[in-house]
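Subject: Structure handover and notes

Dear colleague,

I am passing on the structure we spoke about, with the sequence alongside. Please open it first and then read the notes underneath.

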Amino acid sequence: MKQISVLLLLAIITSFSVANAQQNNGNDPFNRSILPIPEQPFKGKIGITPSDSEMDFPAMVTPPEGAPNVLIIMTDDVGFSASEVFGGPIPTPAFDRLAKDGLIFNQFHTTAQCSPTRTGLLTGRNHHTGGNGSIMELGVGYPGYNTLTSQSLVGIGTILKENGYNTAWYGKNHNVPDWHNSQAGPYDYWPTGLGFEYFYGFLGGDCHQFAPALFENTTPIEPPYKEDYHFDKDMADQTIDRIRMLNSIAPEKPFMVYYTPGSTHAPHHAPKDWIKKFEGQFDMGWDELRKEIHQKQLDLGIIPPGTKLTPRPDAIQAWDSLDKEHQEVFARMMEVYAAALSHCDYQINRVLDAIEETGRLDNTLVIYIQGDNGPGGEGGDTGLLNEIAVFNGVKEKWEDIRGAYERDELGGPLHFNHKPAGWAHSMATPFQWTKIVASHFGGTRNGMVISWPDKIKAKGEIRSQFHHVIDVLPTVLEATNIPAPTKVNGVDQKPMEGTSMVYTFDNPDAPSTRTTQYFEIFARRAIYHDGWVAGTTPKSAPWIIVPTSENAHTEYEWELYNVAEDFSQSNDLAAEYPEKLQEMKDLFLVEATKYNVLPLDDNILPRFAVSNRPSHAGDRTSFTYYPGMVRIPEGSAPDLKNRSFSISAEINLTEEGTNGVIVTQGGRPAGYGLYLRDGKLVYHYNYVGTERYEVVSKNALPLGKSTVTIDFDYKGNGFGGPGIATMLVNGKKVAKGEIGNTIPIRISLDETFDVGEDTGTPISEDYETPNHFEGELIKVQIDYK
């Protein structure tokens, strides 16, 4: 026994002597190319007793010495010229503050659409490489479009967290696949699965600013439903609280915050006093505003001398051609949008103030991107009360829009409103087109400022190197002295496709290191190379839905611009240089093949159909739910569109006049609900806000146990047809009514399926959320017929 003990002791001593002999080359004790960083060897000594032993704790992973805090801010659907910094009409104090204290980038680009841009920012790779050729609700089964970012593309959250940063994400997500965003997960693509230790925000493409569908990490939470609540303020409050807490606990540990408001995406919601600030400021109309912005941009040097103002497309009406009634309504819609952006930026400035109060702003790298794509033009000719109408191909009535204006409801909680496309185009001055149009800078050029007082000594200077959103992560890595990992969780990593922008900080005249970049959304495409851009001519304005084509690769005309000399893409040289154009078109196909852009497809609305993607619903035709099952997103809920079905519920009433929701999906923008109103059974169908249908029982339901049923017989021959809703109580028909139109494609991007209450906004204005069911709700059964 004694001999075994001695041998064991010698083995232990030998093993630790070997471990102590292992030294890491260089000053950095960590091998940062492999994540998680391998555990550090024990450097103490093990003896028989503590007195002849030496303690040593494994070294805690810390960032490289002097690594800055990182704050990345990106607003939503804000064009190149919206802010005063870039010559626009909207005050943005935080953006202006950072611009004066740092650098202004006037040739920075996004992808022309939301989720793709965010994928590029998070991963440092092109959006098709990341499987996000479009938004998460449009995923289809091709590698560049399946919305499933490969584990070989681990991004900024994981990299910084594993290198010792505290990481947090606030605001809009829109990077979770459509069928992954329910309580059943999986959670791999949620912020907490992407290396963010804390998330406070929403998952969908948009959110109601007064009643957002919020998550804290992976737990759904409800807003306070207070009159003065606005998510932008709440989001800033949460960010400030965490920054202060971290500074109090670990002031030497750097943080990374990804701050992504959604308020300038529809719906445009702002406090009334902020809307009032802009009253009358847009009465000149969008044509005159473009001229004013263009001149101011020249005066500020944001655009080079001689830059031409591109013409307004024929798809947008001249402001002077509108009657006074339309001008009044449209001007108010722009006032609301301006208020939303200005109020949002005001909250961002509060976050900057909080960092400054900790004394850490000078060593904070702030990258503020004003918009994830060009300005949104989904409002079309007349603006919108309800953006969901666009996603279903439904035209709103002008008298409804006018009525909302007269009642002073625009920008408030009753609507999901959007401005007309003419204003969107003016927010892209001096460029052509808007969001979605990846072929032109109106869709892809966004203002950006970078501030880092400890390292960037220039103040308020303009940088004109050509860069893209995939360059953000490489910039952060160089600034923090952290290498891009070669292996993460055992998975080999694909190289970064972006390039760092740090070289521009001290060298305004350095040539662009990004020499080539492709763009593509819905087959609208372009290629940049060495100062030239070739791009397709849009078949129509992006807010006008046209039939899709199987030959999207050949049916588009092409334009050619020498953007080294023609900043605004105003002089099409395609006819003059056909060989150059062909060279660029060939280069696009090379890049498209390399980065999973193919197949080219200009199909839009049909991609919204849930049936295009996997679903937790699978092939089931019967579903059972119980009270408290709420916040189930559309991608994981029963799909009742364009089919016959039945909804049955077992209830028990003990009091007369009972109220409350049995089951609902959607809210003010669109959806349906089955509920009790003063004891009577109500089936309410909201056809994207343009029509509402109700089937109501003549008498109140009896006390005691009952089974209530809505039996819907779909009469349509395709999408969005009518149907007959028959209401039964204990098997006996009590009411019947026609649903004249049904939602064909998408109920919501953020409102959910709820049992026993209604989260978000109400399906009908005859109750207030959450409208809990007051009786006993036993279960709800839904069956496809």
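The notes below cover one strand and its partners, two helix contacts and one proline. Please keep in mind throughout that this is a predicted model.

I begin with strand 11, which spans residues 447-451 and is mostly covered, five of its five residues being buried. In a regular strand the side chains alternate between the two faces of the sheet. Here Gly447, Val449 and Ser451 point one way while Met448 and Ile450 point the other way, and all are buried. Strand 11 has partners in strand 3 and strand 10: three bridges join strand 11 to strand 3 (residues 103-105), and the two run antiparallel, with phenylalanine 105 standing opposite methionine 448. Strand 10 (residues 364-370) also runs antiparallel to strand 11 and is joined to strand 11 by five bridges, one of the pairs being valine 366 with serine 451.

Next comes helix 8, which takes part in both helix contacts described here. Two packed helices are described by the angle between their axes and the distance between the axes. For helix 8 (residues 324-357) and helix 10 (residues 398-406), the axes come within 10 Å and cross at roughly 60 degrees, which makes helix 8 oblique to helix 10; the crossing is left-handed. On the helix 8 side the contact involves Glu325, His326, Glu328, Val329, Phe330, Arg332 and Met333, which meet Trp398, Ile401, Arg402 and Tyr405 of helix 10. Sorted by character, the residues of this contact are six nonpolar, one polar and four charged.

Helix 2 (residues 93-101) also meets helix 8, with axes that come within 7 Å and cross at roughly 50 degrees, and the two helices are therefore oblique to each other. Pro93, Ala94, Phe95, Arg97 and Leu98 of helix 2 are set against Asp345, Tyr346, Ile348, Asn349, Leu352, Asp353 and Glu356 of helix 8, a contact whose residues divide into seven nonpolar, one polar and four charged.

Finally, proline 474 lies in helix 13 (residues 472-480). Its relative accessibility is 10%, and proline 474 therefore counts as buried, the cut-off being under 20%. Leaving aside neighbours within four places in sequence, proline 474 is in contact with Gly124, Met496, Gly498, Thr499 and Ser500. Of these contacts, methionine 496 is 22 residues from proline 474 in sequence, while their C-alpha atoms are 7.4 Å apart in space.

With best regards

Notes: Residues are numbered from 1 along each chain as its sequence is written. This is a predicted model: local features need pLDDT of at least 70, side-chain atom pairs count only at pLDDT 80 or more; totals for chains, interfaces and linings use all residues. Side-chain values use heavy atoms; hydrogens and water are left out. Buried means under 20% relative accessible area, exposed over 50%, partly exposed in between (1.4 Å probe, protein chains only). Helices (H or I, at least four residues) and strands (E, at least two) are DSSP runs, numbered from the N terminus. Two strands pair if DSSP finds at least two bridges between them. Axes are lines fitted to C-alpha atoms, for helices over the stretch in contact, and angles run from 0 to 180 degrees between N-to-C directions. Angles under 35 degrees count as roughly parallel, over 145 as roughly antiparallel, 65 to 115 as roughly perpendicular and the rest as oblique. A crossing is left-handed if the near helix is turned anticlockwise from the far one by less than a right angle, and right-handed if clockwise. Contact means heavy atoms within 4.5 Å. Ala, Val, Leu, Ile, Met, Phe, Trp, Tyr, Cys and Pro count as nonpolar, Asp, Glu, Lys and Arg as charged, and the others, Gly among them, as polar.
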